[in-house]
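Trainee: Before we start, I would like each term tied to its definition.
Mentor: Then ask about the terms in turn.

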Number of protein chains: 2
Amino acid sequence: MISKKTKYGLKALIYLARQYEQGPILISDLARDENIPKKFLETILLALKNSGILQSRKGKGGGYYLGRSPRQITVGQAIRVMEGPLAPVPCVSETAYAKCTECGNENTCGIRLVMKDVRDAIAQIVDNTTLADVLERIGQAELAEKNVVDFSI
Amino acid sequence: MISKKTKYGLKALIYLARQYEQGPILISDLARDENIPKKFLETILLALKNSGILQSRKGKGGGYYLGRSPRQITVGQAIRVMEGPLAPVPCVSETAYAKCTECGNENTCGIRLVMKDVRDAIAQIVDNTTLADVLERIGQAELAEKNVVDFSI
DNA sequence: TTTAAAATCTACTAAATCTGTAGACTAACA
DNA sequence: TGTTAGTCTACAGATTTAGTAGATTTTAAA
């Protein structure tokens, strides 16, 4: 299960993607609209900024905004910032490889063989899903729901 | 990342699968051979037993053994016992559905749409990989490594 | 029927991680 | 130079992880 931190971060990114190129957004507004504790959100946005996904401006008229277009930010990049590596075991991580402490021979570890496949399957999805893709899917889902409601009336 | 508990549990299952139908195996032997803290292993094996994956016999000549053939035990079943549901968010879990506390409309939640795909991709792998499959892959990997060693001599 | 072996149950505990909070500080704009 | 808004430092409660200790129950064999 992903942490609340990751959920909040993804919500924030989707929120900012919706308002791409409309100037900096206030943490306060984001926290209020998405029901995220403000102080907690601060630390999350800061991490996303330090990773290059977000940019910010201080002072009056300041706030946070996407560092690049929603087409160029993937869900995978964001998850790695907030949750850490995608890999279920460190020895199959592409971005943060580490030897498993309890593992003997890495080449013949059965757990590793399976988890490598799992990691690749997860990466295949999240590294090929951009914020723009997410917005599009939300739009389709909202349309589909609207039709269901219209039909049921 | 999966917990040590899950890793230990999978190691234990692979160990027991290797010795399927050779009588009960002692916790002590398993703990020693796989370098798992014995007391911790006890709780893990008990959980696997309570879920039906393992069976046990008490007293002299007792120990743990697979409750069914290695062909009929999947990695997914085992992971769910030790780690909980595969789903990254509770609202897409097939085996332990729960509404996300912070989620408004489930049908149009962008995070949910992506995480549903992730869950399905993970399940596709681990629910179709049996302990027998793992043993087979380990065998192949050992063979491959042996050939590399032979060649390099 | 006693004894020894082995799983099971109850009850802790230390450390790490998660989910925040408080308050001072810095930068930018008017 | 005052106000706004992000940034930094530090802490704290709750939960989860990774164990440990010791008593109890069950079973097989002597």
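The exchange below takes up the symmetry, the interface, the salt bridges and the pocket.

Mentor: This is a predicted model, in which local features need pLDDT of at least 70, side-chain atom pairs count only at pLDDT 80 or more, and totals for chains, interfaces and linings use all residues. Residues are numbered from 1 along each chain as its sequence is written, chains are lettered from A and ligands numbered from 1 in the order in which they are written, and side-chain values use heavy atoms, with hydrogens and water left out.

Trainee: What makes the relation of chain B to chain A that of a two-fold axis?
Mentor: Copies are superposed by least squares on the C-alpha atoms of residues with pLDDT of at least 70 in both. A turn of 180° with a shift of 0.0 Å along the axis lays chain B on chain A with an RMSD of 0.0 Å. That is therefore the relation of a two-fold axis. The same surface serves both copies, since 100% of the contact residues of chain B recur in chain A.

Trainee: How many residues are in contact?
Mentor: With contact meaning heavy atoms within 4.5 Å, 39 residues of chain B touch 39 residues of chain A. The two chains bury about 3500 Å² between them, 71% of it on carbon and sulfur atoms; buried area is the accessible area (1.4 Å probe) that two parts lose on being put together, summed over both.

Trainee: Why is the pair B:Glu102 and A:Lys7 called a salt bridge?
Mentor: The term requires a side-chain nitrogen of Lys or Arg within 4 Å of a carboxyl oxygen of Asp or Glu. In this pair the closest N and O atoms are 2.6 Å apart, so the pair meets the rule. B:Glu102 lies in the loop between H4 and H5 of chain B and A:Lys7 in helix H1 (residues 4-18) of chain A, so the pair joins two chains. Across the interface the rule finds 4 salt bridges.

Trainee: Which residues are closest to the centre of the largest pocket?
Mentor: They are A:Met1, A:Ile122, B:Met1, B:Leu86 and B:Ile122, out of 25 lining residues. A pocket is an open set of points on a 1 Å grid over the protein atoms alone where a 1.4 Å probe fits, with protein on both sides within 12 Å along at least five of seven lines; lining residues have an atom within 4 Å of a point.

Technical notes: Helix = DSSP H or I, 4+ residues; strand = E, 2+ residues; numbered from the N terminus.
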